[in-house]
Amino acid sequence: MITERQAFLWLGHMADLSPKTRAILINTYGSALEIFNLKETELSFLLDEKIIKGSTYEEILLTANDDWVLRYEERVLKSCNAYITPADPVYPKRLKEIYDMPVTLFYKGNVNLLNEMYLLGVVGSRNPSFYGKEMTKLLSGGIAKNGIVVVSGLAYGIDSDAHRAAIENKGKTIGVLGCGINICYPQRNFGLYQEMSESQLIITEFPPDTKPLGFNFPLRNRIISGLSRGILVIEAREKSGTLITADAALDQGRDIFAVPGRATDELSRGTNKLLRSGAILVTNVDEILEDIMGEDYKIKTKKTTNYGIKTDDNNDKNLKKSDISDEKNAVDQYEKQKKINKETNVEKQEKIDKEINIEKQKKINKETNIENQEKINKETNIEKQKKNNNESKLAVNKSNHSKDYPTSSRPELSDLEKRVISFIDMDPVFMDEILIRSGLSVADGIIVLMKLEKKGYISQPLQGYYVKKLSLNI
């Protein structure tokens with residue numbers, strides 16, 4: 001006699017039985033074993049009522065016997081070593097909450113990750129922009145570093161970047177496949193697939209050897225969202241598979257987080273649409289941590305900060321409840337301390353800003369003086385050269401040069417300026433992206449951009465966005 005666990009394995013092997021139909025059968029009969037033991041007359045009723053297909057009817061009659069199930073289980077274990085079902089204690093509670101839960105999960109790696117307290121799905125475009133890739137690294141790495149498990153689909157682009165960011169920050173990550181556990185898709189991610197199989201976790205509801213067919217991936221997406229407390233969408237076109245995951249998350253009552261993008265970017269139209277529909281806008285790691293971890297995050301940050309301002313032991317003592325006689329005094333004391341901290345912080349910030357401005361001005365003056373001196377030296381050398389050369393010959397050369405080889409009056413660029421302008425093209429590029437790619441600080445970057453704009457190589461169609469001028473040939 002097979003067990004409930006083995007009956008779930010049997011129920012999950014039938015490709016023509018959709019997750020929703022499995023859910024109907026389980027809710028109707030109460031267990032996988034009851035479905036396994038259905039009589040032919042009951043199966044005929046299900047067929048007549050169009051609850052199951054004719055192919056499923058034939059499959060059940062053929063495979064609903066102990067010998068077949070035991071042989072099938074043996075083949076499965078040779079391919080993936082392990083599987084879990086809703087009959088196992090380790091099966092994730094969050095997946096049991098969704099209506100069409102997977103009845104079998106095949107896995108490689110650390111299955112205990114499924115029951116970590118905080119899991120967040122990270123999804124997005126398979127062909128992300130530079131901005132999308134950087135935001136994925138920033139956000140996925142940041143949440144993983146703070147104890148949130150990153151869940152994604154091991155696909156190209158945002159998915160694989162999210163997994164790698166979690167691993168690089170010594171965090172945890174789960175990959176959900178749209179094919180059999182013994183198949184790596186896409187093949188380009190084989191190294192990541194191997195690493196996650198050994199040190200992280202890879203799961204799928206599809207039996208071994210199942211090919212990565214297109215209709216498998218929407219089913220895969222409901223598992224990503226079902227496991228997670230919410231879904232973070234980083235970049236998505238207006239009509240994309242990423243939004244299918246967001247829809248599944250909404251159906252399951254999960255939160256949707258979205259990274260905003262420029263209104264003109266095709267890859268941001270999906271995320272911007274989600275934001276218009278009520279998704280939670282996310283621009284940094286702390287916003288996600290506060291939403292996902294709630295009180296745990298507040299307790300964690302309260303030890304080191306007070307509204308973003310670092311506190312010391314003396315401040316903590318001033319706010320101890322035991323030192324305050326009643327509730328009114330406690331509130332007054334708290335507000336007073338908050339005001340002191342705020343004023344102190346404002347003074348510090350003004351001092352820092354003043355010092356930064358002084359340093360910036362010194363640097364600008366120094367560079368301006370150097371440029372002026374270079375200009376004077378250059379003009380002096382030119383005048384000397386003119387005096388030494390034959391004037392008539394110089395006039396002829398000038399005439400020929402002007403006629404055959406027109407020269408540009410634009411100033412020469414330094415190596416640093418050439419490097420910065422290489423990151424600017426005819427599409428507006430936001431200043432932050434230029435700074436990230438060039439590796440410059442904000443102060444140095446602003447100075448270089450100001451020089452390039454002054455020299456006529458670039459312009460700002462919008463505040464903070466730069467484009468290369470058409471007339472220039474660099």
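What covers the buried residues of α1? In this predicted model, the cover includes α2 (19-29), α3 (32-36), α5 (54-63), α6 (66-80), β1 (83-84) and β2.

**Figure 1. Overview of the protein chain in the predicted model.** The secondary structure of the chain comprises 21 helices and 14 strands. The chain has 474 residues, of which 42% count as buried. Among contacts between residues at least 6 apart in sequence, 69% join residues at least 24 apart. The salt bridges number 11; several of them are presented in the close-up views that follow.

**Figure 2. Close-up of helix α1 and its surroundings.** Helix α1 spans residues 4-12, and 7 of its 9 residues are buried, so the helix is largely enclosed by the rest of the structure. The buried residues are Gln6, Ala7, Phe8, Leu9, Trp10, Leu11 and Gly12. Helices α2, α3, α5 and α6 are among the elements that cover these residues. Strands β1 and β2 also belong to the cover.

**Figure 3. Packing of helix α8 against helix α9.** Two packed helices are described by the angle between their axes and the distance between the axes. The axes of α8 and α9 come within 8 Å and cross at roughly 40°. This angle makes α8 oblique to α9. The crossing of α8 past α9 is right-handed. From α8, the contact draws on Gly132, Lys133, Thr136, Lys137, Ser140, Gly141 and Ala144. From α9, the partners are Ile158, Asp161, Ala162, Ala165 and Ala166. Sorted by class, the contact of α8 with α9 contains 5 nonpolar, 4 polar and 3 charged residues. As general background to such a pattern, an α-helix has 3.6 residues a turn, so residues three or four places apart point the same way.

**Figure 4. Salt bridge between lysine 133 and aspartate 161.** The closest N and O atoms of lysine 133 and aspartate 161 are 2.9 Å apart. Lysine 133 belongs to helix α8 (residues 130-145) and aspartate 161 to helix α9, so the pair ties together parts that are 28 residues apart in sequence. Both residues also appear in the contact of α8 with α9. Lysine 133 counts as partly exposed, at 30% relative accessibility, whereas aspartate 161 is buried, with a relative accessible area of 10%.

**Figure 5. Salt bridge between glutamate 97 and arginine 254.** In this pair the closest N and O atoms lie 3.5 Å apart. The bridge links distant parts of the chain, its two residues being 157 residues apart. Glutamate 97 is located in the loop between α7 (93-96) and β2 (105-109), and arginine 254 in the loop between α12 (241-251) and β8 (255-258). Glutamate 97 is exposed because its relative accessible area of 57% is over 50%. Arginine 254 is buried because its value of 10% is under 20%.

**Figure 6. Salt bridge between glutamate 116 and lysine 172.** The two side chains meet with an N to O distance of 3.1 Å. Glutamate 116 is in the loop between β2 and β3 (119-123), and lysine 172 is in the loop between α9 (158-168) and β5 (173-176), so the bridge ties together parts that are 56 residues apart in sequence. Glutamate 116 is partly exposed, at 24% relative accessibility. Lysine 172 is likewise partly exposed, at 37%.

**Figure 7. Salt-bridge network of Asp100, Glu205 and Arg222.** Salt bridges link these three residues in a network.

**Figure 8. Backbone geometry at proline 186, leucine 154 and aspartate 209.** Most residues other than glycine have a negative phi, and most peptide bonds are trans. Tyrosine 185 and proline 186 are joined by a cis peptide bond, with omega about 0°. Proline 186 is situated in the loop between β5 and α10 (190-199). Leucine 154, although not a glycine, has a positive phi of about 55°. The loop between β4 (149-152) and α9 holds leucine 154, and the residue is buried, with a relative accessible area of 2%. Aspartate 209, also not a glycine, has a positive phi of about 75°. Aspartate 209 is located in the loop between β6 (201-204) and α11 (216-227), where this residue is exposed, with a relative accessible area of 52%.

Definitions and conventions: Residues numbered from 1 in each chain as written. Predicted model: local features only at pLDDT ≥ 70, side-chain atom pairs only at ≥ 80, totals over all residues. Heavy atoms only, no water. Salt bridge = Lys/Arg side-chain N within 4 Å of Asp/Glu carboxyl O. Helix = DSSP H or I, 4+ residues; strand = E, 2+ residues; numbered from the N terminus. Buried < 20%, exposed > 50% of the residue type's maximum accessible area, 1.4 Å probe, protein only. Axes fitted to C-alpha atoms, helices over the stretch in contact; angles between N-to-C directions. Parallel < 35°, antiparallel > 145°, perpendicular 65-115°, else oblique. Left-handed = near helix turned anticlockwise from the far one by under 90°. Contact = heavy atoms within 4.5 Å. Nonpolar A, V, L, I, M, F, W, Y, C, P; charged D, E, K, R; others polar.
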